[in-house]
Amino acid sequence: MRGTLHAPPGPKGHLLGGNVREYARDPLGFLSRCVREYGDVVELRFMGQTIYLLSDPGLIEYILVENNRNFTKTRILKRNRRLLGEGLLTSEGEFWRRQRRLAQPAFHRKRVAAYGEVMAAFAERSLEAWRDGQTIDVHEEMMHLTLEIVAKCLFDADVGARATDVARAMKVALEDFSSQRRLIRIPKSIPTPHNIRFEMAARRLDEVVGTIIENRRKSEEDWGDLLSMLMLAEDESGERMTDKQLRDEVMTLFLAGHETTANALSWTFWLLSLNPQVEHELAEELARVLGGRPPTISDLPDLPYAERIVKESMRLYPPAWVVGREATAECEVGGYQMAAGTTALMSQWVMHRDPRYHEDPQRFDPDRWITGYEEVLPRFAYFPFGGGPRQCIGASFAMTEARLILATVAQRFEMELAPGQRVEPYPSITLRPKKGIRMTLVERSH
Ligand code: HEM
């Protein structure tokens, strides 16, 4: 290493735990303040672990794309093996590459277009129970809907009856993840009430995923969906995936494939309720293009405003609000030396609200996404789906689903925030509304 490299600046922190206490209290606010006060490379310490918070698009590109081979996923993510195991989100190296190649065809544009029918039909169906004047928790509704969609599209499974169970288990699992920011972490093997609750939630999820796999095992047929692809794939020596590998992949896709999109939609409906002018313009676009009929995938190119709304909502409330990587060997980042074992944190929340890249960043303004905006934006000033080889495999699945659901719902109903609501983001692995979002439905008259 060259001799000019100093440690990056950063907040002092406490002797015990470093900066973890301030971070745990308010992760979004803390990271945003760090960037404002210390710049694009900030050194933090979380319980003896050195963290570099990187907030320059070029440096993020360097970690996620150019030098990605020098980085793995973080320890904190891997500590959550109980749920995700060695699935696509957490696995590494050759094993990850093989699994990604195997799953990729299920996310091909043509396949996603075929899923569009399921997405729109399920969205229509969930509206059947909605009534004018009724108050719903839009987050709960969206969790239910996106869960059913991912299970149907990828595994041809009906999980409607288990959706409430899964949502409850997800909440416990995500709270467990954020609780690991505490100064004292209790090992999972000690039966505290918290650990027992977590283990029970994990078992409920195991059961749901186990049933999907078992039901399929009963037939040796190729159903032509992702589950069959995973089950029937053989490696060079003719071996199929073990039950454990299969369970890990299905669980990962099941979890990663619904909660994020549900969050994106929940934030979108909330933002629309706060911005009547945008809401009005969307309703106009939907009436003009669809005229009351359900949307299909071929309508999407004619609904550019709906797309801008989803993009802008994910700018302000990115469902994946931070990604992390750990250096396997020493390297240089932004003029600083990064030792092996150092974690790089890159936050969508921070980047998407940086005034250097997004003018008037706090304003919800879908029109900023007019043609040309993205072309001049540095690649990693907006990265809701990450980037590089570990970029979200479900990005086009999610964008298709979000637009179809938004179009279906917004064509029929306007939503008003129920009185007395305080909507707050809860940053766990994902960014979800802390206590849901209660909205009153107003049916549109055509
Ligand atoms: C709005 C919705 C979504 C958002 C914002 C989102 C975001 C992300 C991000 C940022 C990553 C990269 C994480 C990292 O670099 O550490 C990721 C990875 C992943 N996502 Fe998504 N995602 C969404 C929807 C989906 C859907 C619908 C699926 C599947 C049906 C999915 C499956 C996955 C998987 C399997 C990975 C790991 C890919 C790999 O490492 O090879 N996601 N997602």
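Me: Buried stands for under 20% relative accessible area, exposed for over 50%, and partly exposed for what lies in between. The model is predicted. Why is Asp156 called partly exposed?

Reply: The relative accessible area of Asp156 is 32%. That value is neither under 20% nor over 50%, so Asp156 counts as partly exposed. Asp156 sits in the loop between H8 and helix H9 (163-179).

Me: What makes the backbone of Asp156 worth a remark?

Reply: Its phi is near 45°, which is a positive value in a residue other than glycine. Met47 also has a phi near 45° and is likewise not glycine. Met47 belongs to the loop between strand E1 (41-46) and strand E2 (49-54).

Me: Which class of exposure does Met47 fall into?

Reply: Met47 has a relative accessible area of 30%, which lies between the two cut-offs, so Met47 is partly exposed.

Me: Why is Glu236 called exposed?

Reply: Exposed needs over 50%, and Glu236 has a relative accessible area of 77%, so the word applies. Glu236 is in the loop between helix H11 (226-232) and H12. From Ala24 it is 212 residues away in sequence and 46 Å away in space, C-alpha to C-alpha.

Me: Is Thr252 buried or exposed, and how do you know?

Reply: The relative accessible area of Thr252 is 3%, under the 20% cut-off, so Thr252 is buried. Thr252 is part of helix H12 (residues 243-256). Thr252 and Leu84 are separated by 168 residues in sequence, with 5.5 Å between their C-alpha atoms.

Me: How do you know that Glu92 and Arg390 form a salt bridge?

Reply: The rule asks for a side-chain nitrogen of Lys or Arg within 4 Å of a carboxyl oxygen of Asp or Glu. The closest N and O atoms of Glu92 and Arg390 are 3.8 Å apart, within that limit. Glu92 lies in the loop between helix H5 (81-84) and helix H6 (93-103) and Arg390 in the loop between H17 and H18, so the pair ties together parts that are 298 residues apart in sequence.

Me: Why do Glu92 and Arg390 get their labels of exposure?

Reply: Glu92 has a relative accessibility of 24%, between the cut-offs, so it is partly exposed. Arg390 has 18%, under 20%, so it is buried.

Me: What makes Glu148 and Arg125 a salt bridge?

Reply: Their closest N and O atoms are 3.2 Å apart, within the limit of 4 Å. This pair links distant parts of the chain, with Glu148 in helix H8 (residues 138-155) and Arg125 in helix H7 (residues 109-127), 23 residues apart. With a relative accessible area of 11%, Glu148 is under 20% and therefore buried. Arg125, at 43%, falls between the cut-offs and is therefore partly exposed.

Me: Why are Arg315 and Glu312 both called buried?

Reply: Arg315 has a relative accessibility of 0%, under 20%, so it is buried. Glu312 is at 0% and is therefore buried too. These residues form a salt bridge, with the closest N and O atoms 2.9 Å apart. Both lie in helix H15 (residues 304-316), three residues apart, about one turn of the helix.

Me: How many salt bridges does the rule give?

Reply: The count is 34. Salt bridges with shared partners join Arg82, Glu199, Arg203, Asp206, Lys244, Arg247 and Asp248 into one network.

Me: What makes the patch with Arg33 a patch of positive charge?

Reply: Arg21, Arg25, Arg33 and Arg36 gather there on the surface, and Arg counts as positive. Helix H1 (20-25) and helix H2 (27-38) are the elements that give two or more residues to the patch. Arg33 is in helix H2. A patch residue needs over 30% relative accessible area, and Arg33 has 36%, so Arg33 meets that condition. The value of 36% also makes Arg33 partly exposed.

Me: How do you know that Cys392 is a donor to the iron atom of the ligand?

Reply: A donor is an N, O or S atom within 2.8 Å of such a metal. SG of Cys392 is 2.3 Å away, and Cys392 is the single donor from the protein. Cys392 lies in the loop between helix H17 (373-376) and helix H18 (395-412).

Note on methods
Residues numbered from 1 in each chain as written. Predicted model: local features only at pLDDT ≥ 70, side-chain atom pairs only at ≥ 80, totals over all residues. Heavy atoms only, no water. Patch = residues over 30% accessible without salt bridge, like charges linked within 9 Å, V, L, I, M, F, W, Y side chains within 5 Å. Areas by Shrake-Rupley, 256 points an atom, 1.4 Å probe, with all protein chains shown as cover. Charge placed at Lys NZ, Arg CZ, Asp CG, Glu CD. Helix = DSSP H or I, 4+ residues; strand = E, 2+ residues; numbered from the N terminus. Buried < 20%, exposed > 50% of the residue type's maximum accessible area, 1.4 Å probe, protein only. Donors = N, O, S within 2.8 Å, 3.2 Å for Na, K, Ca; no water.
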